[in-house]
Amino acid sequence: MGWSRLLFLWIGWLLCISQKVCSAPIPTTLDGPFTPVTVSLDPNLRLGSDDLPPYHPRLVKRVPSVFPEQIKLALSTPDAMWVSWITGDAQIGPKVVPLDPLSVGSEVFYGTQTGNYTFTSKGKSLVYSQIYPYEGLLNYTSGIIHRVRLTGLLPNTKYYYRCGDQSLSAISEEHEFVTPPSPGPNSYLTRIAVIGDLGLTYNSSSTYDHLVENDPSMILMVGDLVYANNYLTTGNKGVPCYECDFSDTPIRETYQPRWDAWGRFMEPLLSRIPMMVLGGNHDIEPQAGDLTFASYSARFVVPSEESGSNNRLYYSFNAGGVHFLMLAAYIDFNRSSEQYAWLKQDLENVNRELTPWLIASWHSPWYNSYTNHYQEFECMRQQMEDILYEYGVDLVFNGHVHAYERMNRVYNYVLNPCGPVYITVGDGGNIEKLATRHADEPGNCPKKIHNHDFGGVCPFNYTSGPAKGKLCWDRQPDWSALRESSFGHGILEVKNSTHALWTWHRNQDAYGNVGDEIYIVRQPEICAHMTAFL
């Protein structure tokens with residue numbers, strides 16, 4: 001038993017004695033690897049729900065056209081914060097004329113006392129369009145999207161702000177945010193919420209309400225935000241399976257006003273809590289000229305430039321003593337790619353004395369025992385897993401699969417005490433319903449894999465272990481510690497440089513209850529440079 005485990009048990013014993021509450025101890029990754037567990041599907045659980053209608057009170061526009069709406073925050077550097085919002089009215093129709101982005105100014109007034117704004121920052125604005133080169137499809141052009149970067153911020157400090165255009169007397173109400181602590185081995189955000197595949201359904205609203213109750217200090221959104229591409233351009237009603245209902249469309253259509261509805265739905269939270277985003281497959285949204293990710297890239301500011309990336313789909317940032325890697329699964333990830341070169345450089349620049357924790361995230365999981373999206377990104381794993389292991393990534397968050405699954409520490413499909421803990425949280429509540437089938441159950445092994453290889457061919461049959469020579473296991477894989485088909489979200493509380501508490505919260509549970517909890521423990525003394533287990 002290592003010294004860190006003994007220290008942890010000793011602290012738990014002291015708390016038990018002092019508070020006279022000695023419940024069962026929360027397990028740690030040092031207790032693993034764990035025997036795989038599958039939680040049975042709750043027969044009373046709704047597997048899906050309809051999207052909220054456009055007239056729902058949480059989705060309608062609540063301010064005059066020239067006033068800011070859809071206000072949201074994003075981290076930049078440790079002393080800077082992005083504020084973005086939208087003014088003006090979007091247009092949809094056969095022919096659309098973009099608004100002039102310079103017609104409304106971009107200003108933020110802010111300070112450390114309510115009503116007293118001692119600082120002013122100005123920014124830039126843009127519009128984007130979604131254009132389809134097919135007769136009968138409706139085009140879209142957005143309102144004016146404003147972006148302002150606030151600099152020189154003090155760490156762990158509450159700021160009050162208003163945004164808009166003072167010359168037009170179009171200023172928002174006062175909002176507030178708290179800056180993250182400075183990078184350091186003893187500085188951490190209180191709670192980091194992790195959500196994937198949220199959408200805009202009645203289930204999504206339940207996830208949102210549970211999330212607000214958990215009072216996060218930052219949100220990690222791991223892709224597939226809105227599901228606007230489960231609609232035709234005419235709007236009407238979204239569907240769980242686009243290919244099933246709209247199989248004859250010339251291109252995957254979208255109904256872009258759903259993005260505006262989502263921005264209004266999330267504003268009460270995102271105007272005070274920074275959200276860091278990833279692009280998922282539902283955010284690609286191809287249009288004329290082979291343009292992709294137009295809405296996603298325009299609406300969400302990320303610190304790509306600040307982290308040395310020339311692509312808004314991958315970037316990194318620090319939040320206290322944690323360095324986050326945000327990777328892109330839907331552009332080239334091969335070892336010859338620009339993304340891989342950037343990743344290698346970023347990892348080389350990480351100072352583990354300053355940011356002991358290294359957390360990576362991308363949309364599509366490498367380790368997944370559900371039939372849905374099974375081994376879709378095996379090629380990405382083969383290209384990138386080695387370097388993440390070599391540099392000691394502690395934890396990986398994914399979405400894409402609409403269920404929950406937490407893995408034992410694993411590397412190259414083999415249980416490994418120095419491998420990352422992979423967690424899939426693609427259960428935010430979107431319109432496509434829950435994933436419930438497991439690839440290791442009779443008849444559920446996929447007949448065909450949808451392979452995202454970007455020019456390569458990857459073998460899929462296992463080369464060792466109990467499933468050697470097969471595409472699927474005949475039982476829950478050893479690397480799958482816990483899986484359950486329920487909607488929810490996760491909360492990560494980093495306690496110190498070696499311990500972080502992970503809890504998963506199901507929508508069907510009462511507030512405060514958890515469906516899964518575990519302390520994730522780093523062991524830098526045995527996993528340094530990853531040489532011991534290579």
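**Exercise 1.** In this predicted model, determine how many residues of β2 are buried and what that says about the strand's surroundings.

*Solution.* Step 1: apply the cut-off, by which buried means under 20% relative accessible area. Step 2: count the residues of β2 that pass; seven of the seven are buried. Step 3: conclude that β2 is therefore largely enclosed by the rest of the structure.

**Exercise 2.** Work out the strand order of the open sheet that contains β2, and state which strands stand at its edges.

*Solution.* Step 1: the sheet has four strands in the order β2-β3-β10-β7, and their pairing is antiparallel. Step 2: β2 (69-75) and β7 (124-126) each have a single partner strand, so these two are the edges and one side of each lacks a neighbour in the sheet. Step 3: from one strand to the next, the twist averages 20°. Step 4: helix α4 (residues 257-270) packs on this sheet and touches β2 and β3 (81-87), its direction making about 60° with that of β2.

**Exercise 3.** Describe how each edge strand is joined to its partner.

*Solution.* Step 1: β2 and β3 run antiparallel and are joined by five bridges. Leu-75 stands opposite Met-81 in β3, and the two strands form a hairpin with five residues between them. Step 2: at the other edge, three bridges join β7 to the antiparallel strand β10 (residues 144-150). There, Leu-126 has Ile-145 of β10 as its bridge partner.

**Exercise 4.** The structure holds 22 salt bridges. For the pairs Asp-209 with Arg-58 and Arg-483 with Asp-440, find where the partners lie and whether they are buried or partly exposed.

*Solution.* Step 1: the side chains of Asp-209 and Arg-58 meet at 3.1 Å, N to O. Asp-209 belongs to helix α2 (residues 202-213) and Arg-58 to the loop between β1 (37-38) and β2, so the pair ties together parts 151 residues apart in sequence. Step 2: Asp-209 is partly exposed, with a relative accessible area of 29%, and Arg-58 is partly exposed at 24%.

Step 3: Arg-483 and Asp-440 meet at 2.8 Å, N to O. Arg-483 is in strand β25 (residues 480-484) and Asp-440 in the loop between β24 (421-425) and β25, 43 residues apart. Step 4: Arg-483 counts as buried at 3% relative accessibility, and Asp-440 counts as buried at 10%.

**Exercise 5.** Identify the residues linked to Asp-394 in a network of salt bridges.

*Solution.* The network links Asp-394 with Arg-352 and Arg-522.

Key
Residues numbered from 1 in each chain as written. Predicted model: local features only at pLDDT ≥ 70, side-chain atom pairs only at ≥ 80, totals over all residues. Heavy atoms only, no water. Pairing = 2+ DSSP bridges. Axes fitted to C-alpha atoms, helices over the stretch in contact; angles between N-to-C directions. Contact = heavy atoms within 4.5 Å. Buried < 20%, exposed > 50% of the residue type's maximum accessible area, 1.4 Å probe, protein only. Salt bridge = Lys/Arg side-chain N within 4 Å of Asp/Glu carboxyl O.
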